[in-house]
Amino acid sequence: MTIAKQEEHHLDHDGMLIAQDWATRYSETSHATWASLINSMQELSAKTSCSKLLQGQEAIRLDTKHIPKFSDLTAQLSRSTGWEVTGAHGFIPNEIFFTELANKRFPMACEIRSLDGSQFQEYPDLFHDIYGHTAMLMYPEVSKLMQSSARGILKAIKMGRQDLVKKIAAAYWFTLEVGLVKERGNIKVYGAAVASSPKEIMFATEDKTPNLIRFDLDRVMRTDYNMLDLQRTYFVLEDITELEDLAQQDFFERALRLENMPTLAQGVIDASDEIIQLGSDRSLVIPTNTVEAI
Ligand SMILES: [Fe+2]
């Protein structure tokens, strides 16, 4: 199927998925915003991103002057992991979003942030989606992790198990969006939400406020999170190759095994946590094992 045909095929889900309309959608100002964002990020990313993310960005060779075309990103990704990029109309419902991911189609925001809001975005925009996600999607284990977590979430949605949705979405969130990894003793970024936000990069890797805890999947899946703010706790992989094991998980089954375990509120330290950095906001540290499910 040609890319043009694919775009046509995805104009569905009640208008939530849309064509990028690259030629007509973007003004010179939009392209200039993209150029400014990507150029200003590169120096910071070189110091703070994990090497795998940097190599992925090198391989995907994003245009630094103009907003990339989704069709070009699809062509690149189809050669590595077979992903396709589609346009999305704003913030789309979970069921549609995860149905697309389960089928290796990434719905991307078509609109780009303004330079005023370039430091941190509550909702994903085009810069977040392209700069944050496409490079890592070049890797089979990241492709598989995104697909397998999406499948788990969909299964839970279809069974009406919102409690399990939250657990699997936490695994997705604390890896693919706000994931950190140790690299030669330093804390580096691989998650897309952090990687596309200068403010959150500095907060997660330099600031003493958040807790940094060694990644443990069961612990992560029990953790509450807030998509609209900086995290009180980040989870750190010992090595980026741990994503390969994570990608093999049956997330639905894993969440089911944890169904009777209480959720841990943001910022809470659990007795079994391997602490890398105890956050400086002491009001966040609540004694363990007694936290009610929320
Ligand atoms: Fe994202």
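**Figure 1. The largest pocket and the residues that line it.** By class, the lining of the largest pocket in this predicted model comprises 19 nonpolar, 9 polar and 7 charged residues. The pocket itself has a volume of about 640 Å³. Of its 35 lining residues, those closest to the centre are Phe-91, Pro-124, Trp-173, Glu-177 and Met-227. Four elements each give two or more residues to this lining: helix α6 (94-102), strand β3 (105-109), and helices α7 and α9. If you are looking for the main contributor, α9 gives the most, with 7 residues.

**Figure 2. The iron ion and its protein donors.** Here we move to the metal site. The iron ion has His-128 (NE2), His-133 (NE2) and two OE atoms of Glu-177 as its protein donors, at 2.0 to 2.7 Å. Around the ion, the 4 donor atoms subtend angles of 51 to 138°, and the arrangement is therefore irregular. To count as tetrahedral, four donors would need all angles between 85 and 135 degrees, and the range of 51 to 138° seen here runs outside those limits. As a reference point, the ideal angle for four tetrahedral donors is 109.5 degrees.

**Figure 3. The donor residues in their sequence and helix setting.** Along the chain, the donor residues of the iron ion follow the spacing H-x4-H-x43-E. Helix α7 (residues 126-134) holds His-128, while helix α9 (residues 162-177) holds Glu-177, so this pair ties together parts that are 49 residues apart in sequence. Are these two residues buried or exposed? His-128 counts as buried because its relative accessibility is 8%, below the 20% cut-off. Glu-177 is buried too, with a relative accessible area of 7%. Glu-177 also appears in Figure 1, as one of the residues closest to the centre of the largest pocket.

**Figure 4. The second largest pocket, lined in part by helices α3 and α4.** This view turns to another open space, where the second largest pocket holds about 210 Å³. Its lining consists of Ile-38, Gln-42, Ser-45, Ala-46, Leu-54, Gln-57, Glu-58, Arg-61, Leu-62, Thr-64 and Tyr-131. The elements that supply two or more of these residues are α3 (28-48) and α4 (51-60). Of the elements, α3 gives the most, with 4 residues. Sorted by class, the lining has 5 nonpolar, 4 polar and 2 charged residues.

**Figure 5. The second largest cavity, with metal donor His-133 in its lining.** Now for an enclosed space: the model has 2 cavities of 30 Å³ or more. The second largest of them has a volume of about 60 Å³. Lining it are Gly-132, His-133, Met-136, Leu-137, Val-142, Met-146, Leu-176, Tyr-190, Gly-191 and Ala-192. Helices α7 and α8 (140-158) are the elements that give two or more residues to this lining. By class there are 7 nonpolar and 3 polar residues, and no charged ones. His-133 links this view to Figure 2, where its NE2 atom is a donor to the iron ion.

**Figure 6. Strand β6 and its two partner strands.** The last close-up shows strand pairing. Strand β6 (residues 211-214) runs parallel to strand β7 (residues 233-237), and 4 bridges join the two. Within this pairing, Ile-213 stands opposite Phe-235 of β7. Strand β8 (residues 275-277) runs antiparallel to β6, with 2 bridges between them. Here Leu-212 has Gln-277 in β8 as its bridge partner.

Notes
Residues numbered from 1 in each chain as written. Predicted model: local features only at pLDDT ≥ 70, side-chain atom pairs only at ≥ 80, totals over all residues. Heavy atoms only, no water. Donors = N, O, S within 2.8 Å, 3.2 Å for Na, K, Ca; no water. Tetrahedral: all angles 85-135°; square planar, octahedral: opposite > 155°, others 65-115°. Buried < 20%, exposed > 50% of the residue type's maximum accessible area, 1.4 Å probe, protein only. 1 Å grid on protein atoms, 1.4 Å probe; cavity = no way out; pocket = protein on both sides within 12 Å on 5 of 7 lines; lining within 4 Å. Points joined across faces, edges and corners; volume = space filled by probe spheres on them. Nonpolar A, V, L, I, M, F, W, Y, C, P; charged D, E, K, R; others polar. Pairing = 2+ DSSP bridges.
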